[in-house]
Amino acid sequence: MSFVKGKRAIWLAAAGGLAVGVVLVVLADWVDPKISSQEFCTGACHSMQVHVAGKDYYQQSVHRSTHTGVVTGCGDCHIPNELVPATWVHVKKGLADIYATLVRDLDSPEAWAARRPALTEEARHWFLETDSATCRHCHRKDAIEPRSQAGRTMHGIARQKGMTCIECHTNLVHPPAGS
Ligand code: HEC
Ligand code: HEC
Ligand code: HEC
């Protein structure tokens with residue numbers, strides 16, 4: 001291959017790579033919100049519908065029924081807000097979830113109850129690792145003024161020690177596993 005040809009091949013490869021990259025980003029940008037939606041999470045998997053979106057706990061939580069009309073969906077808490085991490089979580093967790101649903105028959109209440117404690121731990125660990133980033137997407141840490149004295153004291157401690165939301169706020173929208 002002559003020098004000129006080699007150079008042209010590199011340019012072609014670069015242009016091709018760029019085009020593929022642009023297409024992938026556009027595609028991810030379009031697909032991510034769709035598969036983060038409440039409808040998708042609870043429609044695709046029976047386990048999510050029955051156990052997580054259960055009327056009692058989830059629907060009655062402040063995150064679902066505020067008089068202000070702010071409705072926090074599954075993806076608002078569980079899917080990162082930035083495109084690249086969001087796509088990564090979708091690919092990795094999505095495949096794992098589909099595999100688990102197929103292999104473990106999570107539609108059965110017993111199988112789901114047995115599996116849940118581990119999932120709860122896993123989810124909390126993720127919030128811990130990410131410094132509760134999705135929570136902080138809506139709640140500005142230094143702007144929170146708890147109404148109760150206990151809340152203000154704890155938030156003072158949180159600030160001092162650099163603690164993150166999930167260390168104190170658990171079971172906001174899901175019942176404790178085992179209940
Ligand atoms: C889509 C935005 C959004 C996300 C994401 C979100 N929240 Fe909220 N949160 C709200 C709104 C809105 C309220 C109700 C505020 C009100 O009533 O003034 C609320 C209320 C709360 C409350 C008060 C509960 C009560 O009983 O009064 C806590 C605690 C809280 N959120 C923590 C969290 C934590 C921890 C996370 C992450 C796991 C999180 N939030 C994720 C929007 C969000
Ligand atoms: C050290 C423990 C701790 C940490 C860490 C913490 N909180 Fe809290 N938070 C509390 C306590 C305790 C209350 C008061 C609960 C009550 O009075 O029922 C509270 C209250 C709140 C409220 C309700 C305010 C009100 O009175 O209506 C919101 C919203 C909230 N926290 C969000 C967050 C978010 C978001 C984070 C992470 C950025 C966070 N908290 C981190 C302990 C903590
Ligand atoms: C306000 C934020 C928030 C919203 C909204 C939310 N989750 Fe969660 N989710 C959490 C947190 C925090 C945990 C960790 C366990 C706990 O403390 O509740 C969790 C845990 C889980 C788990 C692990 C098993 C369990 O129940 O503990 C699954 C599965 C799950 N969520 C699915 C969903 C689905 C599906 C939706 C929508 C119907 C949803 N979540 C909505 C914050 C949220």
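The six donor atoms around the iron atom of ligand 2 subtend angles of 88 to 180°, and the arrangement is therefore octahedral. Six donors earn that word if opposite donors are over 155 degrees apart and all others between 65 and 115; donors are N, O and S atoms within 2.8 Å of the metal (3.2 Å for Na, K and Ca), with water not among the atoms, so sites may look incomplete.

The protein ligands to this iron are H155 and H169, each through NE2, at 2.0 Å. H155 sits in helix α9 (residues 149–161) and H169 in the segment after α9, so the pair ties together parts 14 residues apart in sequence. Helices are DSSP runs of H or I, at least four residues, numbered from the N terminus. H169 is partly exposed, at a relative accessible area of 42%, which places it between the limits of 20% for buried and 50% for exposed (1.4 Å probe, protein chains only).

Please note that this is a predicted model, in which local features need pLDDT of at least 70 and side-chain atom pairs pLDDT 80 or more, whereas totals for chains, interfaces and linings use all residues. Residues are numbered from 1 along each chain, chains are lettered from A and ligands numbered from 1 as written, and side-chain values use heavy atoms, without hydrogens and water.

I turn now to ligand 1. Its shell holds 15 residues, the closest being V62, H63, C135, C138 and H139; a residue counts if one of its heavy atoms lies within 4 Å. Helix α8 (133–138) and α5 (74–78) each give two or more residues, and α8 gives the most, with three.

Conventions. Tetrahedral: all angles 85-135°; square planar, octahedral: opposite > 155°, others 65-115°.
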